[in-house]
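The following exercises ask the reader to classify side-chain contacts and helix geometry from atomic positions. Please attempt each task before reading its solution.

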Amino acid sequence: MTDDLKTLQQRLVAFAAARDWQPFHTPKNLAAALSVEASELVEIFQWLTPEQSARVMDVPETARRVEDEVADVLAYLLQFCEVLGVDPLAALSAKIDRNESRFPVEGSAAGSRSDDGPRHSLE
């Protein structure tokens with residue numbers, strides 16, 4: 001990775017400012033846009049088997065679509081964090097800390113799977 005998150009956030013702020021988009025970059029609008037872009041990422045995988053989804057980056061056109069949607073999701077998330085003053089790396093670190101306490105390694109095999117597979121979200 002070449003750019004750090006703060007640099008990318010600053011580039012996004014400058015990009016929006018040059019186009020007078022700041023009035024539209026409210027937390028509500030950015031959260032909605034983030035949800036839409038995440039859904040577009042899901043759409044790529046919607047009907048793939050688990051095996052096909054594991055090989056999605058092997059197809060250049062699909063790989064480009066995945067990268068574009070990942071970029072869109074990250075862009076909206078960074079803009080959302082910028083508007084609300086959230087440090088995304090600090091928030092993620094704190095969440096991992098809480099989850100390490102909530103889900104200790106000891107005994108993790110027992111009860112770590114549901115009928116749909118392992119539970120490993122950051123909820």
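Four exercises with worked solutions follow.

The model is predicted, so local features require pLDDT of at least 70 and side-chain atom pairs pLDDT 80 or more, whereas totals for chains, interfaces and linings use all residues. Residues are numbered from 1 along each chain as its sequence is written, and side-chain values use heavy atoms, with hydrogens and water left out.

**Exercise 1. Overall description**

Determine the order of helices and strands along the sequence.

Solution. Helices (H or I, at least four residues) and strands (E, at least two) are taken as DSSP runs, numbered from the N terminus. The protein has five helices and two strands. Their order along the sequence is α-α-α-α-α-β-β. Of the 123 residues, 17% are buried, where buried means under 20% relative accessible area, exposed over 50%, and partly exposed in between (1.4 Å probe, protein chains only). The accessible surface comes to about 9300 Å², and carbon and sulfur atoms account for 59% of that surface; areas come from the Shrake-Rupley method with a 1.4 Å probe, and for residues only the protein chains shown count as cover.

**Exercise 2. The geometry and cover of helix 4**

Compare the expected span of helix 4 with the distance between its end C-alpha atoms.

Solution. The expected span is 1.5 Å times one less than the number of residues. For the 25 residues of helix 4 (residues 60–84) this gives 36 Å, and the end C-alpha atoms are 36 Å apart, which agrees. Next, consider burial: the buried residues of helix 4 are Thr-62, Ala-63, Val-66, Glu-69, Ala-75, Leu-78, Gln-79 and Cys-81. Their cover includes helix 1, helix 2 and helix 5 (88–102), a contact being heavy atoms within 4.5 Å. After helix 4 comes Gly-85, with a positive phi near 75 degrees.

**Exercise 3. Salt bridges**

Identify which residues are linked in a network of salt bridges.

Solution. The criterion is a side-chain nitrogen of Lys or Arg within 4 Å of a carboxyl oxygen of Asp or Glu. The structure holds three such pairs.

1. Arg-64 and Glu-61 meet at 2.8 Å, N to O; both lie in helix 4, three residues apart.
2. Arg-64 also pairs with Asp-68, with the closest N and O atoms 2.5 Å apart; these two residues of helix 4 are four residues apart.
3. Glu-82 pairs with Lys-6, the closest N and O atoms being 3.3 Å apart. Glu-82 in helix 4 and Lys-6 in helix 1 are 76 residues apart, so this pair links distant parts of the chain.

The network therefore consists of Glu-61, Arg-64 and Asp-68. An α-helix has 3.6 residues a turn, so residues three or four places apart point the same way. Arg-64 is partly exposed, at 38% relative accessible area.

**Exercise 4. Aromatic residues and a nonpolar patch**

Decide whether the rings of Phe-15 and Trp-21 are stacked or edge-to-face.

Solution. Rings of Phe, Tyr and Trp (its six-membered ring) pair if their centres lie within 6.5 Å; planes under 30 degrees apart count as stacked, over 60 as edge-to-face and the rest as tilted. This rule yields one aromatic pair. The centres of Phe-15 and Trp-21 are 5.5 Å apart and the planes stand at 70 degrees, so the pair is edge-to-face.

Phe-15, Trp-21 and Phe-24 make a nonpolar surface patch of about 330 Å². Patches comprise residues with over 30% relative accessible area and no salt bridge, with like charges joined within 9 Å and nonpolar side chains (Val, Leu, Ile, Met, Phe, Trp, Tyr) within 5 Å. Phe-15 is partly exposed at 39%, Trp-21 is partly exposed at 37%, and Phe-24 is exposed at 54%. Phe-24 lies in the loop between helix 1 (5–18) and helix 2 (27–45).
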